[in-house]
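The following account leads the reader through a protein model, beginning with a single residue and widening to the sheets around it. Please keep the sequence and the structure in view while reading.

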Amino acid sequence: MSKTVAKRSAASEVMLASAAKGRALMGGSDAMRAAGKAYLPKFSAESAEAYDERTALSWLFNGYRKTVRDMTGRVFALPITPADDVPSGLVDMLENADLQGRDLSTFARSVFEDGLSGAGISFIMVDAPRRTGSETKADARARNLRPYLVHLRAEDVLGWKTETIDNITRLSQLRLAETINEQDPKDEFAQVSIDQVRVLDRLPGGVQVRLFQKGRDDEWNEVDEPSFTGHPEITVIPFYANRTSFFSGSPLLDDLADVNIAHWQSQSDQRQILHVARVPILFGSGLPDDKPIVISTSTATTSSEPTADLKWVEHSGAAIGAGRQDLKDLEFQMEAHGLQLLVNQAGGQSATGAVLDAAKETSILSMTADSLQDCLEQALQWMADYASEGAGGSVKVNKDFAANILDAQELQLLLAAVNTGNMSRETFISTLVNRGIIADSVTPEDEAQRIEDEGGNLVDTGIVA
């Protein structure tokens, strides 16, 4: 029995707080409206009804989510593939890596996007069903008793402890928040959700697993007897999008999140002022208070008072223009923080300039892709350990982001290099395959041989300017 097993550690609290902005932005307009005053402050003289109306009129220009998905799309423009050194038994498992129908690449995409959009860190846990110890490999395959991958978000990690072994920092304890669904005993068509905490302890005899469920008076009771994973390490590996320390990260796109929130607030003001400006106010003076004014076609309002006046009061529109310019300035700042595809740039740009800009943009992305590869390869090794497959092998993660900026001038240079003998046809075709221009099923050697059989050089057909 415990009252603190579900208490979040200070380090975990910090990560959750840092992820809040990104989580809200990834949720779109509905999530930002639900966040209320956290990201859309209420004016001091604004009534609750007026604030609710203003919030309902606001919508999010979601540069943050667009950037996260663009960067993720660049890494996963080519699927993650196991290398030749991955055991065949493990390759088969990776076709359904999480036992929920997702292959390794689809599973890894969720991990990568979560790390980019949230706390700068995400986690992969390698788990395996319990065995009695008497099962053969054939039994394990028949009953699907094999290791699988579980994606853990920062919200799932309650706290951890570490120890230094052979000058290496390792997990000694990890607490995970879980929710399990069970059949409602009172309703055959309903389920009940139960909060649960999984505690993993690294002991001399292996990793012990304890499960706690919430009972009365906020007490957590241990359920079942402790079990052991069959692995000497706590098999949870962090994916660092932006590492700050062991098992900790901070948002990679925090500056972009701040600018996007500023745009959300400015856009809310702009929608409000447009609403006000579009509704003119009828102002009357010198008219009797007891005489109703009828506003309609084919009617007129008269008065015998010489000072009587009736006119429409409308907004000058100056503030609307200023607000529109503020929104444009913020959109430009979002572009500067990694949103080149969302906001059009004025004027042209040379091919060399585009390549240099892309290199600057994707240098951090390349390092993040490297981090994902390291994370996946460690997870593969642990899967191999559980399955007694030996070495886990390696995977290939796409880091060639130049495919997205190949233009006519670059293609012209490549063609010229081939025709002048400064580049082989195989290299040329490999480049097109790697950049996704032609199908990856094309073999450069076979294609080069077909060109040789047809005769002639790779010539400029005039299609390329």
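**A residue and its surroundings**

Leaving out residues up to four places away in sequence, Asp127 touches Arg146, Pro147, Tyr148, Val150 and Arg198. The model in which these contacts are found is a predicted one. Asp127 belongs to strand 2, which covers residues 121-127. How accessible is Asp127, and is the residue counted as buried or exposed? Its relative accessibility is 13%. Because the cut-off for a buried residue is under 20% relative accessible area, Asp127 counts as buried. Among the residues that Asp127 touches is Arg198, and the side chains of Asp127 and Arg198 are joined by a polar contact of 3.2 Å.

The strand that holds Asp127 can now be placed in its sheet. Strand 2 is part of an open sheet of 3 strands, arranged in the order 3-2-9 with antiparallel pairing. Strand 3 (148-152) and strand 9 (236-240) are the edge strands, each of them pairing on one side only. On average, and with direction ignored, neighbouring strands of this sheet are turned by 25° against each other. Between strand 2 and strand 3, the antiparallel pairing extends over 5 bridges. Within this pairing, Ile124 stands opposite His151 in strand 3.

A second open sheet is built from 5 strands. Their order is 4-5-6-7-8, and the pairing is antiparallel. The edges are formed by strand 4 (157-165) and strand 8 (220-228), each of which pairs on one side only. From one strand to the next, the twist averages 25°.

Which strand pairs with strand 5 over 11 bridges? The partner is strand 6: residues 168-183 make up strand 5, residues 191-203 make up strand 6, and the two pair in the antiparallel sense. Two positions illustrate how the strands are aligned. Gln183 stands opposite Gln191 in strand 6, and Leu174 has Leu200 of strand 6 as its bridge partner.

On its other pairing, strand 6 runs antiparallel to strand 7 (residues 206-214), and 8 bridges join the two. Strand 6 and strand 7 form a hairpin, with 2 residues between them. Here Leu203 stands opposite Gly206 in strand 7.

A loop residue provides another view of contacts between distant parts of the sequence. Ser250 lies in the loop that separates strand 11 (248-249) from helix 8 (254-277). With a relative accessible area of 24%, Ser250 is partly exposed. Its C-alpha atom and that of Ile121 are separated by 7.2 Å, although the two residues are 129 residues apart along the chain. Apart from neighbours within four places in sequence, Ser250 is in contact with Ala119, Gly120, Asn242 and Thr244. Of these residues, Asn242 also has a side chain joined to that of Ser250 by a polar contact of 3.0 Å.

Helix 2 shows how burial can be distributed around a helix. Within this helix, formed by residues 28-35, the buried residues include Gly28, Ser29 and Met32. Why do the buried residues line one face of the helix? Viewed down the axis of helix 2, they fall within an arc of 120°, and they therefore line one face. The exposed residues Asp30 and Ala34 are carried on the face turned away from the buried side. Just after helix 2 comes Gly36, which takes a positive phi of about 60°.

These elements can finally be set within the protein chain as a whole. The secondary structure comes to 13 helices and 14 strands. Of the 465 residues in the protein chain, 38% are buried. Among contacts in the protein chain with a separation of 6 or more, 65% are made by residues 24 or more positions apart. The protein chain exposes about 25,600 Å², and carbon and sulfur atoms supply 50% of that area.

Definitions and conventions: Residues are numbered from 1 along each chain as its sequence is written. This is a predicted model: local features need pLDDT of at least 70, side-chain atom pairs count only at pLDDT 80 or more; totals for chains, interfaces and linings use all residues. Side-chain values use heavy atoms; hydrogens and water are left out. Two strands pair if DSSP finds at least two bridges between them. Helices (H or I, at least four residues) and strands (E, at least two) are DSSP runs, numbered from the N terminus. Axes are lines fitted to C-alpha atoms, for helices over the stretch in contact, and angles run from 0 to 180 degrees between N-to-C directions. Buried means under 20% relative accessible area, exposed over 50%, partly exposed in between (1.4 Å probe, protein chains only). Contact means heavy atoms within 4.5 Å. Accessible areas come from the Shrake-Rupley method with a 1.4 Å probe; for residues, only the protein chains shown count as cover. A polar contact is a pair of N or O atoms within 3.5 Å; within protein, one must be able to donate a hydrogen and the other to accept it, and residues adjacent in sequence count only if both atoms are side-chain atoms. The arc is that of the directions from the helix axis to the C-beta atoms.
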